[in-house]
Amino acid sequence: MNIKELAILLSPDKSEWKNLATRSVKTQEEIFIKVREILDAVKNNGDSSLKQFTEKFDHVRLGGLSVSSAQIQQATDLINSELKAAIQIAKNNIEKFHRAQKSSVVEVETMPGVTCWQKDHPIEKVGIYIPGGTAPLFSTVLMLAIPAKLAGCEQIVLCTPPTGGQIHPAILYTANLCGVTEIYQVGGAQAIAAMAYGTESIPQVYKIFGPGNQYVNVAKQMVAQEGVAIDLPAGPTELAIFADETGNPEFIAADFLSQIEHGKDSQVVMVTTSKLLIPKVLKELESQASKLDRQEFLLASLKNSRIIYLSEVKTCFEFLNFYAPEHLIIASEDARNYLDLITTAGSVFVGNYTPESAGDYASGTNHTLPTNFAARAWSGVNLGSFTRKITYQEITKEGIQDLAAVVSIMAEAEGLVAHSNAAMIRVTGEI
């Protein structure tokens, strides 16, 4: 890996921040037409289009779309005990953290005789998309199926591509472990279409979750315009690292490489207050990268990445908040002292001994996070992502006596007399 491909910027002016924060993302216009064609084909032709697209894109000719219990059992037998144990520990941690997110019913009497409350209800039908290409993300099954089950979703539909002619055994094993039984071997934008519209084999769902390539993410955003909810806008994965002079260069380089090995469009931005740290990190990057596979991905993503020196801690975090990273590592012995400076990030990894990969797999937090500036307004997936909040109100005969006049005055000021009448008739008995 040619480390010279990595841009090093010393004290860039704020006028340069916009360019420095730019991700390597294709515009939707470049792929909009192709995705629209796929969505329309699946909407109109159902399973036959899914099979055609699977043969075209995955080079697999399918008989049926659903995964049988025999296939799941076969996959289970292929997973070694060490991996099964690791998946179980991760499952336990993720369940523990997400179960703690359950909220109680909020109930309050806003004025005498007027009671309002709010309650969470599970989304009955949800779809989970699991990528299966160069990195079969069975960990994402944990991140999505576990909170779906904890929330009480009645139906969980999982779609994943049959890469190389079959679904990766770890995906099937993990899905089964999490209690997901409706599994379909279809990927790409066509899988999103299937879950959004429904086909002869695949049920329509109310909300779709899961990461994917840019075609998948554009498909999700397009079906969202048609009334199907999605988890969040997501694109290529990204990592920001803040490091002061106490950051560990070996750890930083390892975190850096763990992110850019995802794909050619991944990105890492390191911001530091220590000029002396930069050459140490570069040396470690070159040394560690030489021992890794996926060199093509590393080199391509390195061109998207950069190291930035800024002399002031406050300025570093101003830039990082502007960047709005999916993942943010605070590489410092004093990491907790910096946390109040963070206002915008998908997930934060605090201290030298907290690798981003821990959150990807097993610490307990969710790794389905907003990218490409979306963290400015979106949260990552959590238990609440699988529920909807319904508000209730109950007004007694005595309570409406005082509230009706308030409603009436406001409604008439807006020119909505019938609204006023609906309140006052309960007090006066007439309109």
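**Warm-up: the whole chain**

The protein chain has an accessible surface of about 20,600 Å², and 51% of that belongs to carbon and sulfur atoms. Such areas come from the Shrake-Rupley method with a 1.4 Å probe, and for residues only the protein chains shown count as cover. Keep in mind that this is a predicted model, in which local features need pLDDT of at least 70, side-chain atom pairs count only at pLDDT 80 or more, and totals for chains, interfaces and linings use all residues. Residues are numbered from 1 along each chain as its sequence is written, and side-chain values use heavy atoms, with hydrogens and water left out.

**Exercise 1.** Find what share of the residues in the protein chain is buried.

*Solution.* Start with the term: buried means under 20% relative accessible area, exposed means over 50%, and partly exposed lies in between (1.4 Å probe, protein chains only). Now apply it: of the 431 residues, 49% are buried.

**Exercise 2.** Work out the order of the strands in the open sheet.

*Solution.* First, what counts as a strand? Helices (H or I, at least four residues) and strands (E, at least two) are DSSP runs, numbered from the N terminus. The protein chain holds 16 helices and 14 strands. Next, pairing: two strands pair if DSSP finds at least two bridges between them. Six strands then line up as 1-11-10-9-12-13, with parallel pairing. At the edges sit strand 1 (7–10) and strand 13 (347–350), each paired on one side only.

**Exercise 3.** Look at strand 10 and strand 11, and find how many bridges join them.

*Solution.* Locate strand 10 at residues 267–272 and strand 11 at residues 306–309; four bridges join them in the parallel sense. To see one pair, pick valine 269: its bridge partner in strand 11 is arginine 306.

**Exercise 4.** Name the strands that helix 10 touches.

*Solution.* Contact means heavy atoms within 4.5 Å. Helix 10 (residues 249–260) packs on the sheet and touches strand 9 (238–243), strand 10, strand 11 and strand 12 (327–331).

**Exercise 5.** Describe the phi angles and exposure of asparagine 372 and phenylalanine 373.

*Solution.* Go to the loop between helix 14 (356–361) and strand 14 (387–395), where you find asparagine 372. Its phi is near 50 degrees, a positive value in a residue other than glycine. Asparagine 372 is partly exposed, with a relative accessible area of 34%. Phenylalanine 373 is also in the loop between helix 14 and strand 14. Phenylalanine 373 has a positive phi of about 75 degrees, although it is not a glycine. Its relative accessible area is 24%, so phenylalanine 373 is partly exposed.

Key:
Axes fitted to C-alpha atoms, helices over the stretch in contact; angles between N-to-C directions.
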